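Here are my comments on the model you sent round. Please read them with the coordinates open.

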Amino acid sequence: MIKFFRKTRKKMADDNKPLKYIRYAIGEIVLVVIGILIALSVSNWNDNRNLRNQELLLLNNLKLEMENNLFLIENYLKTKEERIKDANVLLSYTDPDYIQKEEDSLARKFIRIFYIDNYKAEIMVLNAAKNSNSIKLIRNQQIKTNLAKWEQSLKSQMQLIDFGNEHFSNSLIPIISNYYPLKNIPYDAGNGNIQDLSKHKNEFEKMFRSREFENSLYRIKNFERARTRQVKELKEFTLELIQELNKELNKELNI
């Protein structure tokens with residue numbers, strides 16, 4: 001190219017045509033600049049397309065993770081509602097003059113309050129995105145806002161679970177152990193093994209006459225109700241987040 005310009009310049013100089021040479025040179029420069037700009041534009045488009053593809057992959061993985069969480073939340077709510085029902089039935093029998101009735105039915109409901117099934121959210125994709133800083137790929141501000149709300153709701157749920165479990169371990173268990181042999185609680189039910197039962201008797205009457213047992217059971221029921229409200233809030237945030245993720249993913253399909 002340089003040799004070409006030199007030859008052209010020399011020819012135009014020999015022909016005494018400097019004005020034509022200047023116009024020609026300027027035209028060549030303009031073409032070169034346009035070519036560079038087009039190349040940069042194509043490069044930027046490719047870079048943006050790659051970033052968008054990474055963003056879409058992250059959004060899709062987040063959507064799948066949130067859909068799994070929604071399934072877990074719905075099952076968790078069912079167990080909370082059953083536990084509240086069992087607690088209400090047991091509370092209906094607490095009485096200073098309680099006389100034992102329907103022992104088997106009560107025993108099953110009583111044992112079920114020991115089955116604490118804490119909600120364990122799936123956050124592998126979200127944590128990986130935060131740790132790798134790829135969360136910044138998300139351009140939709142509403143999605144980022146919904147993610148922040150979801151995380152805060154989950155944090156509140158975990159704190160409530162910890163508080164309830166602490167009460168269960170430090171308050172209800174010591175009271176129950178005075179009347180019911182904990183060895184008889186079938187923690188490993190369904191594993192096919194024959195449980196070695198305690199020789200101590202189940203003193204249901206004394207337990208249901210106890211004010212301490214009633215108070216502790218009442219607090220457990222209220223904890224479960226609070227957890228249910230919190231999980232319902234988490235469910236709403238999950239649904240909103242899934243909806244927003246679907247909207248953003250569908251944009252790509254409508255292009």
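The points below take up the nonpolar cores and two individual residues.

1. This is a predicted model, in which local features need pLDDT of at least 70 and side-chain atom pairs count only at pLDDT 80 or more, while totals for chains, interfaces and linings use all residues. Residues are numbered from 1 along each chain as its sequence is written, and side-chain values use heavy atoms, with hydrogens and water left out.

2. The largest nonpolar core (buried Ala, Val, Leu, Ile, Met, Phe, Trp, Tyr and Cys residues joined through side-chain atoms within 4.5 Å) has 25 residues, and those with the most contacts inside it include Leu62, Tyr119, Ile143 and Trp150. At least two residues each are supplied by helix 2, helix 4 (124-131), helix 5 (141-176) and helix 7 (211-253), helices being DSSP runs of H or I with at least four residues, numbered from the N terminus. Helix 2 gives the largest share of this core, nine residues.

3. A second, separate core of 23 residues has Leu106, Ala107, Phe204 and Leu217 among its members.

4. Asn69, found in helix 2 (residues 18-93), is buried at a relative accessible area of 0%, where buried means under 20%, exposed over 50% and partly exposed in between, with a 1.4 Å probe and protein chains only. Neighbours within four places in sequence aside, Asn69 is in contact (heavy atoms within 4.5 Å) with Tyr119, Ala121, Glu122 and Trp150.

5. Lys232 lies in helix 7 and counts as partly exposed, at 44% relative accessibility. Between Lys232 and Ser153 the C-alpha to C-alpha distance is 10.0 Å, although they are 79 residues apart in sequence.
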